[in-house]
Amino acid sequence: TIHGKIPSKSNCYKVVTIGGHSSLAKTKAIKDYEQSFFLQCPMRGTNLDKYFKLNVDVFYENMRPDLDNCFKVLLDCLQQCKAIKNDRYCVEIHGRKLIDKVDPRIEFTIEEVL
């Protein structure tokens with residue numbers, strides 16, 4: 001279980017100008033979520049390098065957010081905290097959208113696929 005509101009991948013980047021060139025940068029919301037995820041992830045450092053299935057229940061504060069926008073953020077966070085070696089090993093995702101106004105969170109399991 002990872003507590004906190006998972007941000008939508010489509011809203012995680014902002015356009016910035018660096019040396020006269022436009023670039024994309026992560027928003028504060030995604031940086032904060034990545035840090036929180038890292039601290040809470042029970043699989044941190046596992047570095048799974050086999051094909052896997054991801055089962056995830058996403059508890060939102062309301063029905064407004066799209067479920068599919070959280071999958072990439074979750075996979076990126078799992079890779080960043082070295083729970084998985086690479087998100088390309090994900091071959092199946094089962095996701096459910098649920099509501100919890102008080103405690104938005106994600107609950108997930110990873111199962112190796114043979």
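In this predicted model, helix α1 meets helix α2 through a small set of named side chains: Ile30, Tyr33, Glu34 and Phe37 on the α1 side, and Val73, Leu74, Cys77, Leu78 and Gln80 on the α2 side. Sorted by class, that contact holds seven nonpolar residues, one polar and one charged. If you would like to find the pair in your viewer, α1 spans residues 28–40 and α2 spans residues 69–80. Their axes come within 10 Å and cross at roughly 55°. Angles of 65 to 115 degrees would count as roughly perpendicular and those under 35 as roughly parallel, so α1 and α2 are oblique to each other. The crossing of α1 past α2 is right-handed.

Now let us turn to the sheet. It is open, has four strands in the order β1-β6-β4-β5, and its pairing is mixed. At the edges lie β1 (2–3) and β5, each of which pairs on one side only. Helix α2 packs on this sheet, where it touches β4, β5 and β6, and its direction makes about 120° with that of β4.

Strand β4 is a good place to pause. On one side, β4 (residues 52–60) is joined to β5 (residues 90–99) by nine bridges, and these two strands run parallel. Here Lys53 stands opposite Glu92 of β5. β4 is also joined to β6 (residues 105–112), this time by eight bridges and in an antiparallel arrangement. Within that pairing, Val56 has Phe108 of β6 as its bridge partner.

How many of the nine residues of β4 are buried? The answer is nine of nine. In a regular strand, side chains alternate between the two faces of the sheet. In β4, one side carries Phe52, Leu54, Val56, Val58 and Tyr60, while Lys53, Asn55, Asp57 and Phe59 lie on the other, and both faces are covered. Charged residues such as Lys53 and Asp57 are thus among those buried here.

Finally, take a look at Gly95, which is found in strand β5. Is Gly95 buried or exposed, or something in between? Its relative accessibility is 34%, and buried means under 20% while exposed means over 50%, so Gly95 counts as partly exposed. Leaving aside neighbours within four places in sequence, Gly95 is in contact with Val56, Leu67 and Phe71. Val56 is the β4 residue whose partner in β6 is Phe108, and Phe71 falls within the span of α2, residues 69–80. Gln80, which takes part in the contact with α1, lies 15 residues from Gly95 in sequence and 21 Å from Gly95 in space, C-alpha to C-alpha.

Terms used. Residues numbered from 1 in each chain as written. Predicted model: local features only at pLDDT ≥ 70, side-chain atom pairs only at ≥ 80, totals over all residues. Heavy atoms only, no water. Axes fitted to C-alpha atoms, helices over the stretch in contact; angles between N-to-C directions. Parallel < 35°, antiparallel > 145°, perpendicular 65-115°, else oblique. Left-handed = near helix turned anticlockwise from the far one by under 90°. Contact = heavy atoms within 4.5 Å. Buried < 20%, exposed > 50% of the residue type's maximum accessible area, 1.4 Å probe, protein only. Pairing = 2+ DSSP bridges.
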